[in-house]
Amino acid sequence: MSWNDPNRYDRDISRALATVGGHLSIGRGGFTLHYENARLEGYDCDTVKAAATRAGLPVIDSRGVPFTLVAKLAVKGPMIAVNTPPSPRPWHGLSYAPLAAVASAYRKAGADVFNIPKSEEHEAIFNEMAAGPLADLLDAWLDHVRAHGQ
């Protein structure tokens with residue numbers, strides 16, 4: 001297979017589609033395709049994003065989100081449960097949460113989120129919080145999931 005082949009990620013994307021919690025995350029340092037008990041990492045972000053989106057794979061692209069917000073979510077927030085059950089609630093920085101829960105926080109921070117429907121359960125938390133700076137809102141969400149696990 002050629003490096004220039006736009007279909008070079010199809011096999012890995014298919015494996016991610018077959019994995020509970022399988023998804024593509026894209027950030028300033030490149031992309032990570034999460035599937036089974038493995039990860040594929042690289043820097044060809046736009047090619048893999050187009051292929052994954054077209055295939056229906058969940059995608060979270062945080063490249064346009066301010067670094068402070070991404071760092072806050074990545075360090076203090078739960079990880080996405082891939083091919084493993086979510087951790088019991090409440091969630092914290094070293095626990096695993098469902099893809100929809102983490103995607104809700106990234107969506108609120110301004111990330112491009114594809115093929116992950118909004119979850120009323122997880123989106124409602126943001127609606128209940130007082131308006132204010134986005135960093136404060138994400139801190140409130142992180143405090144909430146650590147205390148209540150929603």
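Student: Of the contacts in the protein with a separation of 6 or more, what share comes from residues 24 or more positions apart?
Tutor: This is a predicted model. Contact here means heavy atoms within 4.5 Å. Take the contacts with a separation of 6 or more, then pick out those between residues 24 or more positions apart: their share is 55%.

Student: In what pattern do the elements follow each other along the sequence?
Tutor: Start with the count: the protein has six helices and seven strands. Now read along the sequence, writing α for a helix and β for a strand. The pattern is α-β-β-β-α-β-α-β-β-α-β-α-α.

Student: What is the radius of gyration of the protein, and why does it count as compact?
Tutor: The globule rule gives 15 Å for 150 residues. The protein comes close to that, so it is as compact as a globular protein of that length. Its radius of gyration is 15 Å.

Student: What percentage of the 150 residues is buried?
Tutor: A residue is buried when its relative accessible area is under 20%. Apply that cut-off to the 150 residues of the protein, and the buried part is 47%.

Student: Which residues have the most contacts inside the largest nonpolar core?
Tutor: Nonpolar side chains tend to be buried together in soluble globular proteins. Here the largest nonpolar core has 23 residues. The two with the most contacts inside this core are Ile60 and Leu73.

Student: Which helix gives the most residues to this core?
Tutor: Three elements give two or more residues to the core: helix H3 (67-76), helix H4 (99-109) and helix H6 (134-147). One of them gives seven residues, the most of any, and that is H4.

Student: Is H4 largely enclosed or open?
Tutor: Count the buried residues. Among them are Leu99, Ala103, Tyr106 and Arg107. Nine of the 11 residues of H4 are buried, so the helix is, with respect to the rest of the structure, largely enclosed.

Student: Which residues of H4 does isoleucine 60 contact?
Tutor: Leave aside neighbours within four places in sequence. The contacts of isoleucine 60 then include Leu24, Ile26, Ile80 and Ile116. H4 spans 99-109, and the contacts that fall in that range are Leu99, Ala103 and Tyr106.

Student: How many residues are in the other core?
Tutor: This core lies apart from the largest one. Ala16, Phe31, Tyr35 and Ala52 are among its members. Its residues number 14.

Student: Lysine 72 has a charged side chain. Is lysine 72 buried or exposed?
Tutor: Lysine 72 lies in helix H3. Beyond four places in sequence, lysine 72 touches Gly77, Ala135, Leu138, Asp139 and Leu142. Its relative accessible area is 18%. The cut-off is under 20%, so lysine 72 is buried.

Student: How far apart in space are glycine 21 and leucine 99?
Tutor: Glycine 21 sits in the loop between helix H1 (10-17) and strand S1 (23-27). This glycine is buried, at 15% relative accessible area. In sequence, 78 residues separate glycine 21 from leucine 99. In space, C-alpha to C-alpha, the separation is 5.9 Å.

Student: Which two residues does a cis peptide bond join?
Tutor: Most peptide bonds are trans. This one has omega about 0°. Its proline lies in the loop between strand S5 (79-80) and strand S6 (96-97). The joined residues are arginine 89 and proline 90.

Student: What is the phi of glutamate 36?
Tutor: Most residues other than glycine have a negative phi. Glutamate 36, in the loop between strand S2 (30-35) and strand S3 (38-42), is partly exposed at 32% relative accessibility. Its phi is positive, near 45°.

Student: And what is the phi of asparagine 115?
Tutor: Asparagine 115 is in the loop between strand S7 (112-114) and H5. The residue is partly exposed, with a relative accessible area of 37%. Its phi is also positive, near 60°.

Student: Which residue follows H4, with a positive phi near 110°?
Tutor: H4 covers residues 99-109. Step past its end, and the residue there is glycine 110.

Student: How far apart are the centres of the positive and negative side chains?
Tutor: The protein has 15 positive and 16 negative side chains. Find the centre of each set. The distance between the two centres is 2 Å.

Key. Residues are numbered from 1 along each chain as its sequence is written. This is a predicted model: local features need pLDDT of at least 70, side-chain atom pairs count only at pLDDT 80 or more; totals for chains, interfaces and linings use all residues. Side-chain values use heavy atoms; hydrogens and water are left out. Helices (H or I, at least four residues) and strands (E, at least two) are DSSP runs, numbered from the N terminus. The radius of gyration is taken over C-alpha atoms; the globule rule is 2.2 Å times the number of residues to the power 0.38. Buried means under 20% relative accessible area, exposed over 50%, partly exposed in between (1.4 Å probe, protein chains only). Lys and Arg count as positive and Asp and Glu as negative; His and the chain ends are not counted. The place of a charge is taken as NZ of Lys, CZ of Arg, CG of Asp or CD of Glu. A nonpolar core is a set of buried Ala, Val, Leu, Ile, Met, Phe, Trp, Tyr and Cys residues joined through side-chain atoms within 4.5 Å.
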